[in-house]
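Here is a short tour for anyone who has the model open and would like to know where to look. Take a moment to turn it around before reading on.

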Amino acid sequence: MPLLGSVDIPFTNTGQIANNAVEKADTATKTANTANTEATNALKTAQDAATTATNALSSANKKSTNYYQPAPPTTPKENDLWFKTTLSGITTNLYQYVNGAWVESFKTLSAISADLGTVTAGDITGVNISGSTLKVANAPIWNNGTTFVQMKNGEIFVTDKNPDIVSRANADDLHITDGSIWMVGYDANDIGKYELDLAPKYILLTELNKDGSISRQTNIRAEFFENPKITTNDLNVNGTSRLNGIVNVGGSLIVDGPILMLSSYSNVDLNNNQLINVDRLTFADPGGNEGIEWLGGNGWKIFESPDDASNNPGSMQFFTGSTRRASIGVTGNIYTTGTRFQIQNSGGSFTSDGSTTLDSQVANSGSLSVGKDETGPRIWSKAAYDRTYSATANCYVTAQGTFGRATSAAKYKIQIEDSAVDPYKILNLNPKTWYDKAATEAYADTLTAEQAGAIVDWDEVDIPAISRVPGLIAEDVIEAGLPEYAAYGEFGENGKREVEGLMYDRLWTLLLPIVREHKEEITLLKNEITQAEEKITTQQQTIENMAALMAKMEQRITALEN
């Protein structure tokens, strides 16, 4: 995880990284010792050759003859030497002419004193060469299988690839020179991948780019062991490093492994720098003193604990100082101690995968739910149904589902005028009865589901009773010439609105002028009837008077007749 900026990180066990460096130094030293051993063996072989040459010179001083040929000389003298060679001139054995015979003297070459001149020999093994000075040809190479050792220009060069080959592709080289040891490994493109330099006062670790330039470099100096402190531009740690001091990182810290703080007072101080590209942060245990905390500001903290911030498992807590502000329970419930939840945007929504309920935890309080049932989407509140009033209904829902209060006061109206609608058209309507389609289909679907094996709790099924409903049909009202009293939906693409219902609360007002007209006619008829009754009364009195008069006349007639 790269840490950008200068970073002070207190670690435990400072000596660990030094031990790692020392281990690498020990490995390099062992390699150097191996090279030194092989060089010593080569030196010993050269010394053996020098001893042979010294003995050959001694023989020359006594005027003996040296023969270099494959076959024995035919005219030797006492103490002559015969260097037996191959046809190509390589010496394979040494003989001395003693008492008339050639005696093999290779094993006793140190006892011979002769002037051997130039000796051309093959492999010399098992020989000690003594002398004050041993000179060898420039850049000698000792080859032991896949290990090459070369001494050149005051340097011992140990490698797994022939040093005379210019390309160093896939080679691992060790150089010992001027009191220092440095190693470098090459890739297949002949570019150094990494380098380790061991000097008396420092250990230098270098990672190289593909072009050979330095990618990262760490210098561990002797002062580190006196004042435990590593200063580096880039520090790469693969595994676990333990230090008791401070690591100051001026560039990037890339850790491929855990950073362990073994002391209870250890800290990782980023010195107000960024922590980026983190895969995961883990916390050892729950509690109010664990988790994340912001210094300064309002002192926000995020941690796991019960609501009292004790050191026990619990909810995800959000605190400011010692005050709990919000919690996320282990079941996913969200709790807040504030008094308002606000979406600070131009709009927002609350959604769920099921029904959503706005509820209060106050005893005997109500709730408002949004969801769906067998009939379709719905909004419901049992508390709203249980709350009753004697007032008239005054709720209106628009085609967009907006709730509003229905009003009738003049202050809510403009351009008030008498209706020009013929009220008698209402008399063309005939009341109808029907079954509610949605309720009937919902009931049928529920019965079908139950017959299919579903368990239906009929007490929880919210379906209106299936019975005939009386009323009017909106299309009949429009056909009767009263479209103003139908309720419509939104305008469609054809510019028309589809009829949805009736204004039952307004349709009855058409009866007012009819009733008023009927009342006037009834009053007129009543007046006419009264007048007729008065006339009848007068005529009745007249008839009665005439009847009395006729009775008197009948009496007179009867008297005259008598």
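The report below goes from the whole chain to its strands, two unusual loop residues, the surface and the charged pairs.

**The chain as a whole**

Please keep in mind that this is a predicted model. The protein chain has seven helices and 30 strands. Of its 562 residues, 25% count as buried. Among contacts in the protein chain with a separation of 6 or more, 37% are between residues 24 or more positions apart. The accessible surface of the protein chain comes to about 39600 Å², and carbon and sulfur atoms contribute 52% of that.

**Strands and their partners**

A good place to begin is the open sheet of four strands, which follow the order β2-β3-β4-β5 with mixed pairing. Its edges are β2 (66-69) and β5 (101-104), each of which pairs on one side only. From one strand to the next, the twist averages 30°. Strands β2 and β3 (residues 81-85) run parallel and are joined by four bridges. To find this pairing on screen, pick tyrosine 67, whose bridge partner in β3 is tryptophan 82.

Further along the chain, β29 (residues 486-491) and β30 (residues 497-502) run antiparallel, joined by four bridges. Here alanine 487 stands opposite glycine 501 of β30. The two strands form a hairpin with five residues between them, and glycine 495 in the turn has a positive phi of about 80°.

**Two asparagines with positive phi**

Most residues other than glycine have a negative phi. Which way does the phi of asparagine 170 go, positive or negative? Asparagine 170 has a positive phi of about 60°, although it is not a glycine. This residue sits in the loop between β9 (155-159) and β10 (172-177), and it is exposed, with a relative accessible area of 52%. Asparagine 364 also has a positive phi of about 60°. Its place is the loop between β22 (356-359) and β23 (367-372), where asparagine 364 is exposed at a relative accessible area of 83%.

**A nonpolar patch**

On the surface, Leu275, Val278, Leu281, Phe283, Ile292, Trp294 and Trp300 make a nonpolar patch of about 650 Å². One of these, leucine 275, is found in the loop between β16 (246-256) and β17 (292-293). Leucine 275 is partly exposed, with a relative accessible area of 38%.

**Salt bridges**

Side chains of opposite charge can pair when their charged atoms come close. How many salt bridges does a search of the whole structure find? The search finds eight, and three of them are listed here.

| Pair | Distance, N to O |
|---|---|
| Arginine 378 and aspartate 373 | 3.6 Å |
| Arginine 378 and aspartate 462 | 2.9 Å |
| Arginine 506 and aspartate 505 | 3.2 Å |

Arginine 378 is partly exposed, with a relative accessible area of 23%, while aspartate 373 is buried at 19%. Aspartate 373 counts as buried because its relative accessible area falls under 20%. Arginine 378 lies in strand β24 (residues 377-380) and aspartate 462 in the loop between α4 (437-451) and β28 (469-471), so this pair ties together parts that are 84 residues apart in sequence. Aspartate 462 counts as partly exposed at 46% relative accessibility. Salt bridges that share partners join Asp373, Arg378 and Asp462 into one network. As for the remaining pair in the table, arginine 506 is partly exposed, at 42% relative accessibility.

Key:
Residues numbered from 1 in each chain as written. Predicted model: local features only at pLDDT ≥ 70, side-chain atom pairs only at ≥ 80, totals over all residues. Heavy atoms only, no water. Pairing = 2+ DSSP bridges. Axes fitted to C-alpha atoms, helices over the stretch in contact; angles between N-to-C directions. Buried < 20%, exposed > 50% of the residue type's maximum accessible area, 1.4 Å probe, protein only. Contact = heavy atoms within 4.5 Å. Areas by Shrake-Rupley, 256 points an atom, 1.4 Å probe, with all protein chains shown as cover. Patch = residues over 30% accessible without salt bridge, like charges linked within 9 Å, V, L, I, M, F, W, Y side chains within 5 Å. Salt bridge = Lys/Arg side-chain N within 4 Å of Asp/Glu carboxyl O.
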